[in-house]
Amino acid sequence: MLAMLELLQAHHGLGGRDLAQRLGVDERTVRRYAARLAELGIPVAAERGRYGGYQLMPGYKLPPLMLTDDEATAVVLGLLAGRRLGLAAEATEAALAKIRRVLPSTLREQVGALEETLDFTLAERAAPTPASRAVLTLAAAIRDRRRVTLRYRSWKDARTERELDGHGLVFHSGRWYVTGHDHRSGEIRTFRVDRISAVVPGTASYEIPEEADPVRQVTASLAQVPYAHVVEVILHVPLAEASRRIPPSVATLTETPDGVLLRTRAESLDGMAAMLAGLGFRFTISSPRELRTAVRRLAERLLDQTLD
């Protein structure tokens, strides 16, 4: 709707079909946008007929963006944090540029000083950013409980079409994920949104189970990524203590009579040995046997590096 308003400000008048093509929607949606803008007090004139179209009433201009110092600071901080997290890098830069243009000169200088001097302890993320349209379409479908059809590319570059009853969107470690009931597999699955090439809302409705937990589903599925080695280790500590140190995205933790069973996958056993040593817990390696060798190698290296 805002994009339509910008187009009408930039042009004397535009036909319904032309507006629909520029916005990527149908003409019925354009009519709905025009009616909504009129309800908001923005005078959009619609002329019917073959040569009809839409235009803003002559002389109408949107008022300038008015922000208090606190509001401007909050907006800029939110955009800078979003850029750092990898939420939407290109859109963030464009939004910051627009905010700078409309701020009064004194406040613009103060906000500029904030941008130049602010730093983060959080490492900058450089992950693929999904199309905003895919994120917004998925969000609307999940809110309205409408099944969607996805065109999806897996990590093996296999391309499939799937019907999904979405449970939620999750942003984790610089990437967007959607989780829900996948009708192709009949299971609860997690999909990376940047690998979705198209989202088509359907008419079928569904209910989200009360026990659905999108964050837990995403983090648990990431812990099962098919790396080279399946690792099982018994940690000799209480489950609560292990859970404070080991997030669900790293491993699954299960309480057993012998201790806490840690299950995960690893590409490097040397890296897994270092992680286990860094926990500071006593542990017993169940599998693979090669992990014991990696732990011994690490212990020998540490002894060699220790000065008398």
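This briefing covers the annotated domains, the strand pairing, the helix packing and the aromatic pairs of one chain. The structure is a predicted model. UniProt, in an unreviewed entry, lists a WYL domain at residues 135-199 and a WCX domain at residues 240-303. An open sheet of five strands has the order β6-β5-β4-β3-β7, and helix α7 packs on that sheet.

**Annotated domains**

- The span listed by UniProt as "domain: WYL", residues 135-199, is 15% helix and 62% strand.
- The end C-alpha atoms of residues 135-199 lie 9 Å apart.
- The span listed as "domain: WCX", residues 240-303, is 50% helix and 28% strand.
- For residues 240-303 the end C-alpha atoms are 31 Å apart.

**The five-stranded sheet**

- The sheet is open, with strands in the order β6-β5-β4-β3-β7 and antiparallel pairing.
- Strands β6 and β7 (196-205) are the edge strands, and each of them pairs on one side only.
- From one strand to the next, the twist averages 45 degrees.
- Strand β3 is joined to strand β4 (residues 159-172) by six bridges, and the two run antiparallel.
- Within this pairing, Val148 stands opposite Leu164 in β4.
- Helix α7 (residues 132-144) packs on the sheet and touches β3, β4, β5 (175-182) and β7.
- The direction of α7 makes about 85 degrees with that of β4.

**Pairing around strand β8**

- Strand β8 (residues 229-235) runs antiparallel to strand β10 (residues 259-266), with seven bridges between them.
- In that pairing, Val233 stands opposite Leu262 in β10.
- Strand β8 is also joined to strand β11 (residues 283-287), by four bridges, and these two run antiparallel.
- Here Glu232 stands opposite Ser287 in β11.

**Helices α4 and α6**

- The axes of helix α4 (residues 69-85) and helix α6 (residues 105-117) come within 11 Å and cross at roughly 35 degrees.
- The crossing of α4 and α6 is right-handed.
- On the α4 side, the residues in contact are Asp69, Ala72, Thr73, Val76, Leu77 and Leu80.
- They meet Leu107, Gln110, Val111, Leu114 and Glu115 in α6.
- Ala113 is also found in helix α6, and it is partly exposed, with a relative accessible area of 37%.
- Ala113 and Ala141 are 28 residues apart in sequence, and their C-alpha atoms are 41 Å apart in space.

**Aromatic pairs**

- A search of the whole structure finds two aromatic pairs.
- Tyr152 and Phe191 form an edge-to-face pair, 4.9 Å centre to centre and with 75 degrees between the planes.
- Tyr152 lies in strand β3 (residues 146-153) and Phe191 in strand β6 (residues 187-192), so this pair ties together parts that are 39 residues apart in sequence.
- Both Tyr152 and Phe191 are buried.
- Phe171 and Trp176 form an aromatic pair that is edge-to-face, at 5.4 Å centre to centre and 65 degrees between the planes.
- Phe171 is partly exposed, with a relative accessible area of 26%.

Key. Residues numbered from 1 in each chain as written. Predicted model: local features only at pLDDT ≥ 70, side-chain atom pairs only at ≥ 80, totals over all residues. Heavy atoms only, no water. UniProt positions renumbered as here; feature names shortened; annotations may be inferred. Pairing = 2+ DSSP bridges. Phe/Tyr/Trp six-rings, centres within 6.5 Å; stacked < 30°, edge-to-face > 60°. Buried < 20%, exposed > 50% of the residue type's maximum accessible area, 1.4 Å probe, protein only. Axes fitted to C-alpha atoms, helices over the stretch in contact; angles between N-to-C directions. Contact = heavy atoms within 4.5 Å. Left-handed = near helix turned anticlockwise from the far one by under 90°.
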